[in-house]
Amino acid sequence: MERGGKFVLPGDFLGTSEEFIPGNGVYDEGGNLYASHIGKVSIGHNRVIYVHPKVETPPTIEEGDVVIGQVVDIKDNVAVVNIACVKGKEKREVAAPGQGIIHISNVKSGYVTELRQEFGYLDVVKARVIDAKTLRLSTDAKDLGVIKAMCMRCKRDLRRRGNVLFCERCKRVEMRKLSEDYGKGLI
Ligand SMILES: [Zn+2]
């Protein structure tokens with residue numbers, strides 16, 4: 001199967017460590033190789049497989065910045081976030097808003113078994129940039145995580161109740177990696 005030139009998303013399966021040696025933009029999990037960011041696959045000499053980032057880092061986003069974005073995809077290992085703005089630089093337009101990713105190991109301290117219990121589709125999250133080049137994000141801090149979420153069943157905004165979220169309309173309870181700023185708006 002020809003994989004070179006293929007456009008992949010973070011978390012896409014690329015092959016096994018028996019077939020390839022992981023290069024930039026590729027990570028190994030139990031012998032399976034996955035893309036760590038959005039880009040094009042290329043296979044170099046000695047069977048090294050790379051993913052070249054498609055998304056150029058907007059000049060205003062730097063390592064250590066806190067960004068606000070929306071979760072647009074959740075895979076087994078990564079949540080994909082459309083970055084909307086950078087905290088403290090809200091008034092400066094982000095030239096080309098990028099897509100960041102939160103790997104399952106950067107969600108919170110402690111082991112995460114199911115990423116879909118930490119984030120939901122279209123959740124608004126606050127996250128810290130830990131790698132500006134590949135736009136890897138982390139929510140591993142009290143103030144980081146989901147700040148706004150809606151009910152998966154009826155789309156109403158969820159209210160915080162202790163450590164869980166609750167839908168006042170349909171009584172559904174949902175789990176998230178919550179920021180202590182949940183429900184306070186953009187902070
Ligand atoms: Zn509901």
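**Figure 1. The whole chain, an overview of a predicted model.** Buried residues make up 33% of the 187 residues in this chain. What you see is a predicted model, and its secondary structure comes to 0 helices and 16 strands. Look next at which residues meet in space: among the contacts with a separation of 6 or more, 54% are between residues 24 or more positions apart.

**Figure 2. How confident is the prediction along the chain?** The mean pLDDT of the chain is 86, and 87% of the residues reach 70 or more. Where is confidence lowest, and where is it highest? Strand β1 (residues 7-8) has the lowest confidence, with a mean of 72, while strand β12 (residues 136-138) has the highest, at 97.

**Figure 3. A sheet of three strands, β2-β5-β4.** Here 3 strands form an open sheet in the order β2-β5-β4, with antiparallel pairing. β2 (13-16) and β4 (26-29) stand at the edges; each has a single partner strand, so one side of each is left without a neighbour in the sheet. From one strand to the next, the twist averages 30°. Zoom in on β4 and strand β5 (residues 32-35): they run antiparallel and are joined by 4 bridges. To find one pair for yourself, start at valine 26, whose bridge partner in β5 is alanine 35.

**Figure 4. Strand β11 and its partners.** This view follows strand β11 (residues 124-131). With strand β8 (residues 66-74), β11 pairs in the antiparallel sense over 5 bridges. Strand β13 (residues 145-148) also runs antiparallel to β11, and 3 bridges join the two. Which residues stand opposite valine 125? In β8 the answer is glycine 69, and in β13 the answer is valine 146. Valine 125 is therefore a handy landmark when you trace these strands.**Figure 5. The hairpin of β11 and β12.** β11 and β12 run antiparallel, joined by 3 bridges. One residue to look for is arginine 128, which stands opposite serine 138 in β12. How many residues lie between the strands of this hairpin? There are 4 residues between them, and leucine 135 takes a positive phi near 55° in this hairpin. Most residues other than glycine have a negative phi.

**Figure 6. Inside the largest nonpolar core.** The largest nonpolar core has 27 residues. Which of them touch the most other members? They are Ala79, Val81, Ile101, Ile102 and Leu137. Two or more residues of this core come from each of β8, β9 (78-86), β10 (99-103), β11 and β13. With 6 residues, β9 gives the most. There is also a second, separate core of 11 residues, and Tyr34, Val41, Tyr50 and Val51 are among its members.

**Figure 7. A close look at leucine 137.** Leaving aside residues up to four places away in sequence, what does leucine 137 touch? Its contacts include Val67, Val81, Gly100, Ile101 and Ile102. Leucine 137 also touches Asn106, Ala127, Arg128, Val129 and Ile130.

**Figure 8. Two loop residues with a positive phi.** Leucine 122 sits in the loop between β10 and β11, and its phi is near 75°, a positive value in a residue other than glycine. Is leucine 122 buried or partly exposed? Leucine 122 counts as partly exposed because it has 14 C-beta neighbours inside 10 Å. The second residue, lysine 155, lies in the loop between β13 and β14. Phi of lysine 155 is also positive, near 70°. With 11 C-beta neighbours inside 10 Å, lysine 155 counts as exposed.

**Figure 9. Lysine 142 and lysine 177.** Find lysine 142 in the loop between β12 and β13. Why does lysine 142 count as exposed? The reason is a count of 10 C-beta neighbours inside 10 Å, and the cut-off for exposed is 12 or fewer. Now look across to lysine 177: these two lysines are 35 residues apart in sequence, and their C-alpha atoms are 9.5 Å apart in space.

**Figure 10. The sheet β14-β15-β16.** In this last view, 3 strands form an open sheet in the order β14-β15-β16, and the pairing is antiparallel. Which strands are at the edges? The edge strands are β14 (159-161) and β16 (173-174), each pairing on one side only. Strand β15 (residues 164-166) pairs with β16 in the antiparallel sense over 2 bridges. Within this pairing, leucine 165 has glutamate 174 of β16 as its bridge partner.

Terms used: Residues numbered from 1 in each chain as written. Predicted model: local features only at pLDDT ≥ 70, side-chain atom pairs only at ≥ 80, totals over all residues. Buried ≥ 20, exposed ≤ 12 C-beta atoms within 10 Å, placed from the backbone. Contact = placed C-beta atoms within 7 Å. Pairing = 2+ DSSP bridges. pLDDT = per-residue confidence, 0-100. Core = buried A, V, L, I, M, F, W, Y, C linked by C-beta atoms within 7 Å. Axes fitted to C-alpha atoms, helices over the stretch in contact; angles between N-to-C directions.
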